[in-house]
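Me: I would like a close look at a single part of this structure. Please describe it in one connected account, with the computed values included.

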Amino acid sequence: MVERRVTVGWPEGLHARPASIFVRAATAAGVPVTVARGDGRPVNAASMLAVLSLGAESGEEIVLASPDEGAEAVLDRLARLVSEGLEELPETV
């Protein structure tokens, strides 16, 4: 299991528009990814309803994880997206 702990950088947290950006990026990643709030229960990062149900606020830590050993670069990119509050997934880290 590959894992990244990251602080939510969007001012509005992981809600509505930022959640949509994150879910699109997680879906496009091509590997299964989960997201959890702190040490809470992980949910499917490709599910808008699941991500919204986390209620992650700005400044809170979330955990991105994938069972795929080759997911290092994907999780790095998703972590950067979340921590910097970007509008789209970065091409490189």
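Reply: Glycine 85, just after helix H3, takes a positive phi of about 60°. The model is a predicted one, and the account below works back from this glycine into the helix and its surroundings.

Helix H3 covers residues 72-84. Its 13 residues, at 1.5 Å a residue, should span 18 Å, and the end C-alpha atoms are 18 Å apart, so the expected and computed spans agree. The buried residues of H3 are Val74, Leu75, Leu78, Ala79, Leu81 and Val82. Because these residues cover an arc of only 160° around the axis, they lie on the same side of H3. The partners against which they pack are strand S1, helix H1 (16-28) and strand S4 (61-66).

In strand S1 (residues 2-7) lies arginine 4. Its relative accessibility is 18%, so arginine 4 counts as buried, the cut-off being under 20%. The side chain of arginine 4 forms a polar contact of 2.4 Å with the side chain of glutamate 72. Beyond its neighbours within four places in sequence, arginine 4 is in contact with residues including Leu75, Asp76 and Ala79, and also with Ile62, Val63 and Leu64.

Strand S4 contains serine 66, which counts as buried because its relative accessibility is 0%. The serine 66 side chain reaches the backbone nitrogen of aspartate 68 at 3.3 Å. When residues up to four places away in sequence are not counted, serine 66 touches Met1, Val2, Val31, Pro32, Ala71 and Leu75. Leu75, one of the buried residues of H3, is thus named among the contacts of arginine 4 and among those of serine 66.

How values were computed
Residues are numbered from 1 along each chain as its sequence is written. This is a predicted model: local features need pLDDT of at least 70, side-chain atom pairs count only at pLDDT 80 or more; totals for chains, interfaces and linings use all residues. Side-chain values use heavy atoms; hydrogens and water are left out. Helices (H or I, at least four residues) and strands (E, at least two) are DSSP runs, numbered from the N terminus. Buried means under 20% relative accessible area, exposed over 50%, partly exposed in between (1.4 Å probe, protein chains only). A polar contact is a pair of N or O atoms within 3.5 Å; within protein, one must be able to donate a hydrogen and the other to accept it, and residues adjacent in sequence count only if both atoms are side-chain atoms. Contact means heavy atoms within 4.5 Å. The expected span of a helix is 1.5 Å times one less than its number of residues. The arc is that of the directions from the helix axis to the C-beta atoms.
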